[in-house]
Amino acid sequence: WNVLGHCFWKKGDSQLALNCFRNSIEIRSDSPAAVLSRKDALCAMSMVLRRTGSTAAEMIRNTAESVRVAKTALAIDTTDGRCWCTSARLPFPCLL
């Protein structure tokens, strides 16, 4: 699901990308591969959400959801550098 989500995102279809990432997150397994996939999907979903919205209200709502999703990804693994970025010299989770 994650690979397909990234393909849709790269093609500019944020809605289909979000659907794929949501499908990945819903896979319920505690295997290391599933946990890694869930974390990657959450991080990607956070990034897509920050770039979607056609109105100011929708963008604000999506940004708030992006932060919530990013915090969930970080709760899985706080040491994964891919879930962090530097913006204005302050760390923010998955907000690229």
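**A quick tour of a predicted four-helix, two-strand chain**

Trp 1, Leu 4 and Ile 27 make a nonpolar surface patch of about 300 Å². Patches are built from residues with over 30% relative accessible area and no salt bridge, where like charges are joined within 9 Å and nonpolar side chains (Val, Leu, Ile, Met, Phe, Trp, Tyr) within 5 Å. Keep in mind that this is a predicted model: local features need pLDDT of at least 70, side-chain atom pairs count only at pLDDT 80 or more, and totals for chains, interfaces and linings use all residues. Residues are numbered from 1 along each chain as its sequence is written, and side-chain values use heavy atoms, with hydrogens and water left out.

**The overall layout**

- The protein chain has four helices and two strands; these are DSSP runs, numbered from the N terminus (helices: H or I, at least four residues; strands: E, at least two).
- Starting at the N terminus, the elements go α-α-α-α-β-β.
- Of the 96 residues in the protein chain, 35% are buried (buried means under 20% relative accessible area, exposed over 50%, partly exposed in between, with a 1.4 Å probe and protein chains only).
- Back at the patch, Leu 4 sits in helix H1 (residues 2–10) and counts as partly exposed at 38% relative accessibility.

**Helix H3**

- H3 covers 32–50, and its 19 residues should span 27 Å at 1.5 Å a residue, which agrees with the 28 Å between its end C-alpha atoms. The expected span is 1.5 Å times one less than the number of residues.
- Plenty to spot here: the buried residues of H3 include Ala 34, Arg 38, Lys 39, Leu 42, Cys 43, Met 45 and Val 48.

**The loop into H4**

- Thr 55 lies in the loop between H3 and H4, and it is partly exposed with a relative accessible area of 42%.
- The side chain of Thr 55 reaches the backbone nitrogen of Glu 58 at 3.1 Å.

**Helix H4**

- H4 (residues 56–76) has 21 residues and reaches 31 Å from its first C-alpha to its last, close to the 30 Å expected.
- Buried in H4 are Asn 62, Ser 66, Val 69, Ala 70, Ala 73 and Leu 74. Looking down the axis of H4, these buried residues fall within an arc of 140°, so they line one face of the helix. (The arc is that of the directions from the helix axis to the C-beta atoms.)
- On the face of H4 turned away from its buried side, you'll find the exposed residues Ala 57, Ile 60, Arg 61, Lys 71 and Ala 75.

**Salt bridges**

- Side chains of opposite charge can pair when their charged atoms come close.
- The structure holds two salt bridges (a side-chain nitrogen of Lys or Arg within 4 Å of a carboxyl oxygen of Asp or Glu).
- One joins Lys 39 and Asp 77, with the closest N and O atoms 3.4 Å apart. Lys 39 lies in H3 and Asp 77 in the loop between H4 and strand S1 (84–87), so the pair ties together parts that are 38 residues apart in sequence.
- Lys 39 is buried, with a relative accessible area of 5%, while Asp 77 is partly exposed at 23%.
- Glu 65 and Arg 68 also meet in a salt bridge (2.6 Å, N to O). They are three residues apart in H4, so about one helical turn separates them.
- Glu 65 is partly exposed, with a relative accessible area of 26%, and Arg 68 is partly exposed at 45%.

Notes. Polar contact = N/O pair within 3.5 Å; in protein donor to acceptor, adjacent residues only side chain to side chain. Areas by Shrake-Rupley, 256 points an atom, 1.4 Å probe, with all protein chains shown as cover.
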